[in-house]
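Please examine the sequence and the three-dimensional model shown here. The explanation that accompanies them proceeds from the overall fold to individual residues.

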Amino acid sequence: MPFPSPDEVPAELTAFLAPLPQDPVLKELTHSPATAKPFIVLGTVMYTRLSLPPRLRELAILTVASACGSDYVFAQHEPMAEVNGVTAEERPEIRRPSPEREIEVHGAGVLEKIKSVKID
């Protein structure tokens, strides 16, 4: 589906998106102006206001992305995970159905809870 042309995007949404990095997902959101801003605000809150430590947050995201088969999300978050202390050795382990070793993490109970959720 092609992105809407700039003149089809409401001016308020264009102004809201202007300071953000250019990203295909954000451009795709312009198809639904009513949901674009709340979606982006939610994402921003998840990165700036949660009490979950950044390393654990990225481990959780990679774990869910792997369980859902979302290679795109996994790839998008690998650089952020690396910046937040998830090592190059740990990332492939997250993709394994039964990791051969435990990933050292404070708050591992969060990851165990995530892994226990059944995804249909």
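The paragraphs below treat the fold, the largest pocket, and then selected helices and residues.

The structure is a predicted model. The protein contains seven helices and zero strands, so that from the N terminus on its elements read α-α-α-α-α-α-α. It has 120 residues, of which 24% count as buried. About 8,300 Å² of the protein is exposed, and carbon and sulfur atoms supply 62% of that area. Among the contacts with a separation of 6 or more, 50% are made by residues 24 or more positions apart.

Ahead of the helices, proline 10 belongs to the segment before α1, which covers residues 11-17. Is proline 10 buried, partly exposed or exposed? Its relative accessibility is 37%, and therefore proline 10 counts as partly exposed, since that class lies between the limits of 20% and 50%. Although proline 10 and threonine 30 are separated by 20 residues in sequence, their C-alpha atoms are 8.7 Å apart.

The largest pocket holds about 730 Å³ of space. Its lining comprises 19 residues, and those closest to the centre are Val25, Phe39, Gly43, Tyr47 and His77. Which elements give two or more residues to this lining? They are α2 (24-29), α3 (33-48) and α5 (71-83). Of these, α3 supplies the largest share, with seven residues. Sorted by class, the lining of the largest pocket consists of 13 nonpolar, five polar and one charged residues.

One of the residues closest to the centre of the pocket, His77, is placed in helix α5. Histidine 77 has a relative accessibility of 12%, which is under the 20% limit, and so it counts as buried. Beyond its neighbours within four places in sequence, histidine 77 is in contact with Tyr47, Glu58, Ile61 and Leu62.

The contact with Glu58 leads to helix α4, residues 54-68, where glutamate 58 is found. Why does glutamate 58 count as buried? The reason is that its relative accessibility is 0%, whereas the class requires a value under 20%. Apart from neighbours within four places in sequence, the contacts of glutamate 58 are Tyr47, His77, Met80, Ala81, Asn84 and Val86. Tyr47 thus appears among the contacts of histidine 77 and among those of glutamate 58.

Helix α4 can also be considered as a whole. Its 15 residues, at 1.5 Å a residue, should span 21 Å, and the end C-alpha atoms are 21 Å apart, so the expected and computed values agree. The buried residues of α4 are Leu56, Arg57, Glu58, Leu59, Ala60, Ile61, Leu62, Thr63 and Ala65. Just after this helix, glycine 69 adopts a positive phi of about 70°.

Returning to α5, one finds glutamate 78 in this helix. What is the exposure class of glutamate 78? With 29% relative accessibility, glutamate 78 counts as partly exposed, because this value falls between 20% and 50%. Not counting residues up to four places away in sequence, glutamate 78 touches Leu62 and Arg91. Leu62 is one of the buried residues of α4, and it is also listed among the contacts of histidine 77. Glutamate 78 and isoleucine 61 lie 17 residues apart in sequence, with a C-alpha to C-alpha distance of 9.7 Å.

Definitions and conventions
Residues numbered from 1 in each chain as written. Predicted model: local features only at pLDDT ≥ 70, side-chain atom pairs only at ≥ 80, totals over all residues. Heavy atoms only, no water. Helix = DSSP H or I, 4+ residues; strand = E, 2+ residues; numbered from the N terminus. Buried < 20%, exposed > 50% of the residue type's maximum accessible area, 1.4 Å probe, protein only. Contact = heavy atoms within 4.5 Å. Areas by Shrake-Rupley, 256 points an atom, 1.4 Å probe, with all protein chains shown as cover. 1 Å grid on protein atoms, 1.4 Å probe; cavity = no way out; pocket = protein on both sides within 12 Å on 5 of 7 lines; lining within 4 Å. Points joined across faces, edges and corners; volume = space filled by probe spheres on them. Nonpolar A, V, L, I, M, F, W, Y, C, P; charged D, E, K, R; others polar. Expected span 1.5 Å × (residues − 1).
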